[in-house]
Amino acid sequence: QVITLRQGVDTELGKKLQRLIKDSKLKVQAAIQDKQVRVTGKSRDDLQTTMAMIKEGKWEFAVQFVNFR
């Protein structure tokens, strides 16, 4: 079997994620940094809502959340 592993998110998929987050009208900002999409916001509830929205989506890659505060 041939398996292709992907580390990080390429810019095209990052832009799709960023557009989804901006269209949600939540008070969070999404930025593409290196091979990841960084989401920042003041409200913890908005960040949790954004995480839930991303988890629900049908992506061709696995999502992982790091450094939630």
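1. The buried residues of helix 2 are Asp 46, Leu 47, Thr 50, Met 51 and Ile 54. Around the helix axis they take up an arc of only 140°, which places them on the same side of helix 2. An α-helix has 3.6 residues a turn, so residues three or four places apart point the same way. The model under discussion is a predicted one.

2. The opposite face of helix 2, turned away from the buried side, carries the exposed residues Asp 45, Lys 55 and Glu 56. The cover over the buried residues of helix 2 includes helix 1 (11-23), strand 1 and strand 2.

3. The length of helix 2 (residues 44-56) agrees with expectation: at 1.5 Å a residue its 13 residues should span 18 Å, and the end C-alpha atoms are 19 Å apart. At the start of helix 2, Ser 43 places a side-chain oxygen within 3.3 Å of the backbone nitrogen of Asp 45.

4. As for the overall layout, the protein chain has two helices and two strands. Along the sequence they follow the pattern α-β-β-α. Along the principal axes, the C-alpha atoms fill a box of roughly 45 × 20 × 20 Å.

5. Some totals for the protein chain follow. Of its 69 residues, 20% are buried. Among contacts with a separation of 6 or more, 31% come from residues 24 or more positions apart. The chain exposes about 6,000 Å², and carbon and sulfur atoms supply 47% of that area.

6. Helix 1 also passes the length check: its 13 residues, at 1.5 Å each, should span 18 Å, and the end C-alpha atoms are 18 Å apart, which agrees. Which residues of helix 1 are buried? They are Leu 13, Gly 14, Leu 17, Gln 18 and Ile 21. Viewed down the axis of helix 1, these buried residues fall within an arc of 140°, so they line one face of the helix.

7. Glu 12 and Lys 15 are exposed residues on the face of helix 1 turned away from its buried side. Over the buried residues of helix 1, the cover includes strand 1, strand 2 and helix 2. After helix 1 comes Lys 25, which has a positive phi near 65°.

8. Strand 1 (residues 28-33) and strand 2 (residues 36-41) pair in the antiparallel sense, over six bridges. Two pairings can be checked in the model. Gln 29 has Thr 40 of strand 2 as its bridge partner, and Ala 30 stands opposite Val 39 in strand 2. In a regular strand the side chains alternate between the two faces of the sheet.

9. The hairpin formed by strand 1 and strand 2 has two residues between the strands. In this hairpin Asp 34 takes a positive phi near 55°.

10. Ile 21 is a residue of helix 1. What does Ile 21 contact, leaving aside its neighbours within four places in sequence? Its contacts are Val 28, Ala 30, Val 39, Thr 50, Met 53 and Ile 54. Ile 21 counts as buried because its relative accessible area is 1%, against a cut-off of under 20%. The C-alpha atom of Ile 21 is separated by 21 Å from that of Gln 7, which is 14 residues away along the chain.

11. Thr 50 lies in helix 2. With a relative accessibility of 2%, Thr 50 counts as buried. Apart from neighbours within four places in sequence, Thr 50 is in contact with Ile 21, Leu 26, Val 28 and Val 39. The contact with Ile 21 joins this residue to one found in helix 1.

12. Ala 62 sits in the segment after helix 2. Is Ala 62 buried or exposed? Its relative accessibility is 72%, so Ala 62 counts as exposed; the cut-off for exposed is over 50%. From Ala 62 to Val 9 the C-alpha distance is 10.0 Å, with these positions 53 residues apart in sequence numbering.

Technical notes:
Residues are numbered from 1 along each chain as its sequence is written. This is a predicted model: local features need pLDDT of at least 70, side-chain atom pairs count only at pLDDT 80 or more; totals for chains, interfaces and linings use all residues. Side-chain values use heavy atoms; hydrogens and water are left out. Two strands pair if DSSP finds at least two bridges between them. Helices (H or I, at least four residues) and strands (E, at least two) are DSSP runs, numbered from the N terminus. The expected span of a helix is 1.5 Å times one less than its number of residues. Buried means under 20% relative accessible area, exposed over 50%, partly exposed in between (1.4 Å probe, protein chains only). The arc is that of the directions from the helix axis to the C-beta atoms. Contact means heavy atoms within 4.5 Å. A polar contact is a pair of N or O atoms within 3.5 Å; within protein, one must be able to donate a hydrogen and the other to accept it, and residues adjacent in sequence count only if both atoms are side-chain atoms. Accessible areas come from the Shrake-Rupley method with a 1.4 Å probe; for residues, only the protein chains shown count as cover.
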